[in-house]
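This report sets out selected features of the structure shown below. It proceeds from overall dimensions to strand pairing and then to individual residues.

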Amino acid sequence: MKTEIKKVNSNTCELIATVELEVANKNYQKVFNKVKNRLEIPGFRKGKVPNSYIETHYSQYIKEEYFDSFAEQYYKEAIKDSEAQPITAAEFKEARWDTGQDAIFTFQFHVFPDDFEPIYKDIEVPYKEPVYDFDKQIDNSINQLLESNAEKIPFDENSTVIEGDEITLEFLELDQAPEEFQENNKVVITAKNSENLADITNQVIGKKINDNIEGEFEIDEIATKYKFKVVDAFRKKLPELNDDFAKANDYESVEDMKAKMMEIFKQESDRVVENELNRSIVDAVAKLNPLEIPDAYFINNGRYMLERSYQARVDDIDEDTLLKFGKMFSENQTIFDLVVEKIKKIKELQITDEDKDDYIKDLIKDQNQTLEEYKENFKTFIDSDNFVDQVIHKKVINMIKSTMKIVEPIIEQPVVDEPEGE
């Protein structure tokens with residue numbers, strides 16, 4: 001088989017597969033025999049219709065059956081031998097086969113655009129680094145730790161509920177209780193002052209054990225009124241925040257606890273800042289390189305992500321919705337990946353062992369393992385094309401960072417329709 005690739009436009013190609021006469025005849029004969037065996041012609045026994053009669057009356061039909069039956073096989077063989085990289089399913093355009101000549105099958109498919117000059121130097125990247133209140137995060141973490149170590153003091157019959165108490169409620173009307181609570185018939189809540197006075201967490205404040213109350217209880221973000229009885233309650237007694245408490249939780253002191261928490265939060269914030277900046281670079285590069293990518297590619301992406309990531313049924317989802325979903329999640333990243341590939345070719349980028357080690361060091365900087373341990377544990381991954389692609393992406397990101405300028409993001413104001421004049 002001989003193959004030829006012709007470019008139709010920046011993202012569409014034609015593949016022309018020439019099938020040798022001997023192969024075409026052999027495959028045509030297979031289809032001919034199948035048709036012959038199922039033909040029922042008055043005056044002839046089934047399967048015994050003369051070949052000459054079939055050729056006279058059914059040759060065009062059989063030829064079309066042959067084209068349809070073998071087109072996919074020929075395409076797979078041809079695309080395997082070519083250097084083309086289709087990004088969507090191919091369309092069978094036509095087949096031509098004249099007596100005594102080779103058969104010619106033509107297919108059309110989409111490819112990523114490659115004939116562009118990437119824009120990535122001295123670019124402006126809209127980005128604003130988030131501000132983190134580390135002291136507040138530390139206070140919240142310590143409060144959670146105190147809460148988890150709190151002593152629960154049971155109520156007596158004279159105790160009244162205050163904010164922070166843990167209350168067990170029993171549904172008074174079991175037949176109206178949500179299905180997931182009907183077996184146990186109880187729900188545990190924490191009393192708190194709520195802006196919604198009807199909220200059951202607010203209604204229990206001031207109540208005692210055996211009191212009946214009515215209030216809104218939220219399930220799946222839907223608030224519904226139910227009648228309850230207070231059947232049990234505990235008051236939390238928080239431990240004192242001191243060095244003994246810190247030591248009981250594997251810290252040397254309260255100051256050591258705060259310092260180690262600060263270190264963890266700063267590592268997490270550094271990771272978030274880097275990821276968000278990289279995301280902003282991807283978006284900026286994509287905007288500066290508005291490559292035309294076929295809608296079919298994003299429709300397939302949308303379908304794949306909805307099925308695999310969200311376990312959604314896509315049979316009833318229209319293509320416009322799939323297109324919007326696919327573009328929203330993958331358009332900018334796809335364009336950036338194409339820019340990276342183009343830079344790789346233009347610059348003839350090579351990945352050194354030092355590049356790989358630097359990339360691995362970034363991966364393990366928050367982990368309890370050495371460079372050598374990672375290399376030993378993930379040798380297969382490090383030897384894969386996927387790892388090399390990740391290192392190249394990192395290298396290109398760093399190239400862009402070396403010349404880019406960070407600018408203040410422009411916040412788009414919502415468009416407000418002006419009232420029509422009277």
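The accessible surface of the protein in this predicted model amounts to about 27700 Å², and carbon and sulfur atoms account for 45% of that area. Of the 422 residues, 36% count as buried. The radius of gyration is 35 Å, whereas a compact globule of 422 residues would have a value near 22 Å. Along the principal axes, the C-alpha atoms fill a box of roughly 105 × 70 × 65 Å. Contacts between residues at least 6 apart in sequence include 65% that join residues at least 24 apart. The secondary structure comprises 13 helices and 11 strands.

**Strand pairing around S4**

Strand S4 (103-110) pairs with strand S2 (residues 12-19) in the antiparallel sense, through eight bridges. In this pairing, Ala 17 stands opposite Phe 105 in S4. S4 also pairs with strand S3 (residues 91-96), again antiparallel, over five bridges. Here the bridge partner of Glu 91 is Gln 108 in S4. S3 and S4 form a hairpin with six residues between them, and Gly 100 in the turn has a positive phi of about 80°.

**Positive phi outside glycine**

Which residue in the loop between strand S4 (103-110) and strand S5 (124-126) has its place there? The residue is Asp 122, and its phi is positive, about 55°, although Asp 122 is not a glycine. Asn 210 likewise has a positive phi without being a glycine, with a value near 85°. Asn 210 is located in the loop between helix H5 (200-203) and strand S9 (212-219).

The table gives phi and relative accessible area for these two residues.

| Residue | Phi | Relative accessible area |
|---|---|---|
| Asp 122 | about 55° | 60% |
| Asn 210 | near 85° | 51% |

Asp 122 counts as exposed because its relative accessibility is 60%, the cut-off for exposed being over 50%. Asn 210, with a relative accessible area of 51%, is therefore exposed as well.

**A nonpolar surface patch**

Tyr 310, Met 328 and Phe 329 form a nonpolar patch on the surface, and together they have about 360 Å² of accessible area. Phe 329 belongs to helix H9 (residues 319-347). Is Phe 329 exposed, partly exposed or buried? Phe 329 is partly exposed, because its relative accessible area is 42%, and the partly exposed class lies between the limits of 20% and 50%.

Definitions and conventions:
Residues are numbered from 1 along each chain as its sequence is written. This is a predicted model: local features need pLDDT of at least 70, side-chain atom pairs count only at pLDDT 80 or more; totals for chains, interfaces and linings use all residues. Side-chain values use heavy atoms; hydrogens and water are left out. Patches are made of residues with over 30% relative accessible area and no salt bridge: like charges are joined within 9 Å, nonpolar side chains (Val, Leu, Ile, Met, Phe, Trp, Tyr) within 5 Å. Accessible areas come from the Shrake-Rupley method with a 1.4 Å probe; for residues, only the protein chains shown count as cover. A salt bridge is a side-chain nitrogen of Lys or Arg within 4 Å of a carboxyl oxygen of Asp or Glu. Helices (H or I, at least four residues) and strands (E, at least two) are DSSP runs, numbered from the N terminus. Buried means under 20% relative accessible area, exposed over 50%, partly exposed in between (1.4 Å probe, protein chains only). Two strands pair if DSSP finds at least two bridges between them. The radius of gyration is taken over C-alpha atoms; the globule rule is 2.2 Å times the number of residues to the power 0.38. Contact means heavy atoms within 4.5 Å.
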